[in-house]
Amino acid sequence: MFQVSSLKSLAPAIFVALVFCGGHQRTARADGPVVIDITDPQRSLYPVAIPLAVDSDPNLAKQVQSVASFDLKVAGWFKVLDPKSFLASLGKEKLSIDPVDWRNVGAFGVVKYRAQALGGGRIQLEFRLYEVEKGAVAVLSKSYRGDLHDVRGFTHQWCNEVVKYFTGEDGFFGSQIAFVTGGRKRTKRILAMDFDGFNVHSVTRNRYINILPAFSPDGSKIAFTSYMRKNPDLYVTSAGGGRARRISGHRGMNTGAAWSPDGSKIAATLSKDGNPEIYLLDARTGSILKRLTNSRYIETGPAFSPDGKKIAFVSDRQGGPQVFVMNLDGSGQHRVSMNGSYNTEPTWSPRPGTRILAYTTRAKGHFDIVTLDLASGAMVRITQNAGTNETPSFSPNGRAIAFASRRPEGDGVYIANADGTGDPVRVWSGNGTSIDWGPAPK
């Protein structure tokens, strides 16, 4: 029998990058902009230059360049060129470009910007995107005006626009990751942060054990399990932290909350009748709508499919813990993980038109993250030979995976490409577990 408490309580965030076809293969969209051919398995990274703005506030310019470079690097579609290689006269170009100078350093795309401090704590950011082969006419431009603390958020918004322009897909910049970190004695806190590790804040502020955070579909709330009343009860609170509301306090376990895509229901593990089983709850009141599993084995770790019609879960009914899938009403329960004898912590990719699960697998004593395409049966290793990796969670667009890792180069939350390419990037350092990647707050 496996330990229920281990099912979703360890994991730093790993992020996934993707690549596009060798050279720069693209197809035209009906509305004009080009598209990186994201379906080509032989795609290579699109070279993009992000030079430091010269006619700008120096501190703001450095911050914008740093944020934009990180975003596009981890997006998985782009190769961000080293600024040391640039030949262009930036002072002369300002917000424009000389295509020849950028072509000569291998840039296919160039991001230009101007970052101005307006006084009174106000800023203005102007962005331009150029495709070198199209000349000195910007293919995309945006301006943002707001407070000084908005600079990172505005830059994330711009980078999402760049990803959308080239791929037709939404980016995940500006989204948030929740996780658990240990404290003194037996305290465990739930923290949330921007996906890149900035703006870390406490979601829980009590001195008890708080575990298994789960963002609501709109990113405004987090469900979690807490021992505030000496029993593992289920609570919901604001994603920014605040007073938590208990929604399930049955005797025994009330753990592993998973929101339905429309936010109306929560699947959770309850042991009120003696055995851990999966139940469907009303997300507002916590009242039980339906018991979904009924066996003498441990059933836990529910996760909704993107269309809300399926639930993945973990059961040891066939020996060690394995990943199963069932219909929303509990029917059609069947095992889907076939690799090895220990597979836990399933999570669904939110990408439309796909049926892909990520989960934690154990092989030869090591824990790693894999993905499984339920349609084709193809399995991809996201981590291998790099410490202990657990509790995967997909980015809002399904192109990256966050996970918890304990490895020689440093423990923390990592993000990696969901297709297994590239190297994971650490976005938070420390002992983080129970990763959940939510959307950008509304």
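Strand 27, which covers residues 366-373 of this predicted model, is mostly covered, with 6 of its 8 residues buried. On one side, strand 27 is joined by 8 bridges to strand 26, residues 356-363, and the two run antiparallel. Within this pairing Arg-362 stands opposite Phe-367 of strand 27. The two strands form a hairpin with 2 residues between them, and Lys-364 in that turn has a positive phi of about 55 degrees.

Strand 27 also pairs with strand 28, residues 379-381, again in the antiparallel sense, here over 3 bridges. In this second pairing Val-370 is the residue that stands opposite Arg-381 of strand 28. Strand 27 and strand 28 likewise form a hairpin, with 5 residues between them, and its turn contains Gly-377, whose phi is positive at about 80 degrees. As background for reading such strands, side chains in a regular strand alternate between the two faces of the sheet.

A further sheet can be followed earlier in the sequence, where 4 strands form an open arrangement in the order 17-18-19-20 with antiparallel pairing. Its edge strands are strand 17 (254-259) and strand 20 (288-291), each of which pairs on one side only. Neighbouring strands of this sheet are turned against each other by 30 degrees on average, if direction is ignored. Inside the order, strand 18 (residues 265-270) and strand 19 (residues 277-282) run antiparallel and are joined by 6 bridges, and Thr-269 has Ile-278 of strand 19 as its bridge partner.

Turning to helix 4, which comprises residues 151-167, one can check its length against the expected rise: at 1.5 Å a residue its 17 residues should span 24 Å, and the end C-alpha atoms are indeed 24 Å apart, so the two values agree. The helix is largely enclosed by the rest of the structure, because 13 of its 17 residues are buried, where buried means under 20% relative accessible area. After the helix comes Gly-168, whose phi is positive, near 80 degrees.

Helix 4 also bears on the second largest pocket, since it gives the most to the lining of that pocket, with 7 residues. The pocket has a volume of about 690 Å³ and is lined by 27 residues, of which Asn-160, Phe-173, Gly-174, Ser-175 and Ala-440 lie nearest its centre. By class, the lining divides into 7 nonpolar, 11 polar and 9 charged residues.

Enclosed space is a separate matter. The structure holds 2 cavities of 30 Å³ or more, and the largest cavity has a volume of about 50 Å³. Its lining is made up of Pro-51, Leu-52, Ala-53, Val-54, Asp-55, Leu-90, Lys-94, Lys-112 and Tyr-113. Of these lining residues 6 are nonpolar and 3 are charged, while no polar residue takes part.

A last stop is Lys-79, which lies in strand 6 (residues 78-80). Its relative accessibility is 46%, and Lys-79 therefore counts as partly exposed, a class that lies between the 20% limit for buried and the 50% limit for exposed. Lys-79 and Tyr-46 are 33 residues apart in sequence, yet their C-alpha atoms are 5.6 Å apart in space.

Notes:
Residues numbered from 1 in each chain as written. Predicted model: local features only at pLDDT ≥ 70, side-chain atom pairs only at ≥ 80, totals over all residues. Heavy atoms only, no water. Expected span 1.5 Å × (residues − 1). Buried < 20%, exposed > 50% of the residue type's maximum accessible area, 1.4 Å probe, protein only. Pairing = 2+ DSSP bridges. Axes fitted to C-alpha atoms, helices over the stretch in contact; angles between N-to-C directions. 1 Å grid on protein atoms, 1.4 Å probe; cavity = no way out; pocket = protein on both sides within 12 Å on 5 of 7 lines; lining within 4 Å. Points joined across faces, edges and corners; volume = space filled by probe spheres on them. Nonpolar A, V, L, I, M, F, W, Y, C, P; charged D, E, K, R; others polar.
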